[in-house]
Amino acid sequence: MKEHAPPVTRAWVLHPDMKNQPDRRDARLALEEAVSLAHALPGLDVVGAEVVPLRDPQPGMLFGSGKVAELKERLGEAEVELVLVDGHVSPVQQRNLEKEWKLKLLDRTGLILEIFSDRAATREGVLQVEMAALSYQRSRLVRAWTHLERQRGGLGFVGGPGETQIEADRRAIDEQLVRLKRQLEKVVKTRELHRKARAKVPYPIVALVGYTNAGKSTLFNRLTGAEVMAKDMLFATLDPTMRAVHLPTGADVILSDTVGFISNLPTELVAAFRATLEEVLAADVVVHVRDISHPESEAQAEDVRTILDSLGVDEQTPQIELWNKIDRLEPDEMEAMRLRATRLERVYPVSALTGDGLDGFLEAVTQALGDERRLEDLVLGYSDGRKRAWLFEKGLVESERQDEDGYHLSVRWTAQDRARFEALGQGR
């Protein structure tokens, strides 16, 4: 059986704990998140993880020479093939550490790009990943020096063949970026057309957002029955997945599951993936799903709010906060959480896993959509006089014409109006 097993890379995770950093996070929790990120990439076997205290990052190798030597010995003993550094590693530091440790190294941005690349499913997602990866590579072309030294035996001084090669590489990357941007513009325009087409249907969009691993996909599956990838894994969803859902309250909505946010996501990645999150901008209700059992739940929520603000989500768009994973709390903690939530507006403690608390949340979604009026074209047979009369009585009809098929009406109504209208037919 062993020979059929997929190739596995032995990985070691390092979290540099910057002592002098003003917004320094809890190192233990940061390391846990970094390990979870590593587990999100298939084919990695995390054989070790540690926090490395760091007062002043060294420009050449990030860590001091003593720590580099100590780690080299430990990594060698564990037969590590890949080191994941949970932070920024400069091109020079990466080159030097790889040379010293004789293995491959990825920093936080590189790892996230690898995960995005593995998860990208739609054409738009693939293009975004390629663009972000090219921009990242362009900033790290210094690594080409080692490859040139081996090939040409030169030292890569200014004006030498090395510089010419790097400039050629940069030009090639820039040309490719221009091509990808053009392709992406076409894809985004197509998505805009789809959104406009959807706007003609009286289905409001409810977007699920939240910190990665907060339980969005589990909630999405429970509400839609769709086989969306929902694992206890960071970045289990990359491209927005959308489904039409008929809520128990009678409202019809389009539910959108989006990529999870993380702390310290490099700004160039946020920009590259902005179009992936554009469904949030088109949403009629934004549902912020939180893992309320996580020790840093509040800090995670703040990260999500910051990114939503940077995306330009309309302040008028109703936002509902779901305190998910209450099933992981102790009974007394759960009771205190429920009590706290009753004092806050549009906050609902739930368990997407068990379904606990979802009824109140769905009622809140329906209420939030209550004032959202949408235009729809209806065709009623001549036998549907009762329905037609009800629409006029409620003042929902904007225009009407008749032909051999019956009444053609343009109505502007809310999800609740639509649900009541459909109930008329059931009551006959």
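**The largest pocket and two buried residues**

Strand β1 gives the most to the lining of the largest pocket, contributing four residues. The model described here is a predicted one, and this pocket is a helpful place to begin looking at it. The space inside the largest pocket comes to about 520 Å³. Its lining is made up of 23 residues, and those closest to the centre are His 15, Gln 21, Arg 25, Asp 86 and Asn 264. Three elements, namely β1 (9-18), α4 (108-119) and α11 (297-311), each supply at least two residues of this lining.

With the pocket in view, the whole chain can be introduced. The chain has 428 residues, and 50% of them are buried. Its secondary structure consists of 15 helices and 13 strands. Contacts in the chain often link parts that lie well separated in sequence: when residues at least 6 apart are considered, 70% of the contacts join residues at least 24 apart. The surface that the chain exposes amounts to about 21900 Å², of which carbon and sulfur atoms supply 49%.

A closer look at single residues can start with Arg 290. This residue sits in strand β8, which spans residues 285-291. Arg 290 counts as buried because its relative accessible area is 5%, under the 20% cut-off. The side chain of Arg 290 takes part in polar contacts with two other side chains: one of 3.1 Å with Ser 297, and one of 3.3 Å with Glu 298. Both of these partners also appear in the wider list of residues in contact with Arg 290, once its neighbours within four places in sequence are left aside. Beyond Ser 297 and Glu 298, that list holds Ala 214, Ala 301, Arg 305, Glu 321, Leu 322, Trp 323 and Asn 324. Ser 297 and Glu 298 fall within the range of helix α11 (297-311), one of the elements that help to line the largest pocket.

Attention can then turn to positions that carry an annotation. An unreviewed UniProt entry places the feature "binding site" at Ser 217 and Thr 237. Of these, Ser 217 is found in helix α8, which runs over residues 216-224. Ser 217 is also buried, since its relative accessibility of 8% is under 20%.

Conventions: Residues are numbered from 1 along each chain as its sequence is written. This is a predicted model: local features need pLDDT of at least 70, side-chain atom pairs count only at pLDDT 80 or more; totals for chains, interfaces and linings use all residues. Side-chain values use heavy atoms; hydrogens and water are left out. Buried means under 20% relative accessible area, exposed over 50%, partly exposed in between (1.4 Å probe, protein chains only). Contact means heavy atoms within 4.5 Å. Accessible areas come from the Shrake-Rupley method with a 1.4 Å probe; for residues, only the protein chains shown count as cover. A polar contact is a pair of N or O atoms within 3.5 Å; within protein, one must be able to donate a hydrogen and the other to accept it, and residues adjacent in sequence count only if both atoms are side-chain atoms. UniProt positions are given in the numbering used here, feature names are shortened, and annotations may be inferred rather than shown by experiment. On a 1 Å grid over the protein atoms alone, a cavity is a set of points where a 1.4 Å probe fits but cannot get out, and a pocket is an open set with protein on both sides within 12 Å along at least five of seven lines; lining residues have an atom within 4 Å of a point. Grid points are joined across faces, edges and corners, and a volume is the space filled by probe spheres set on the points.
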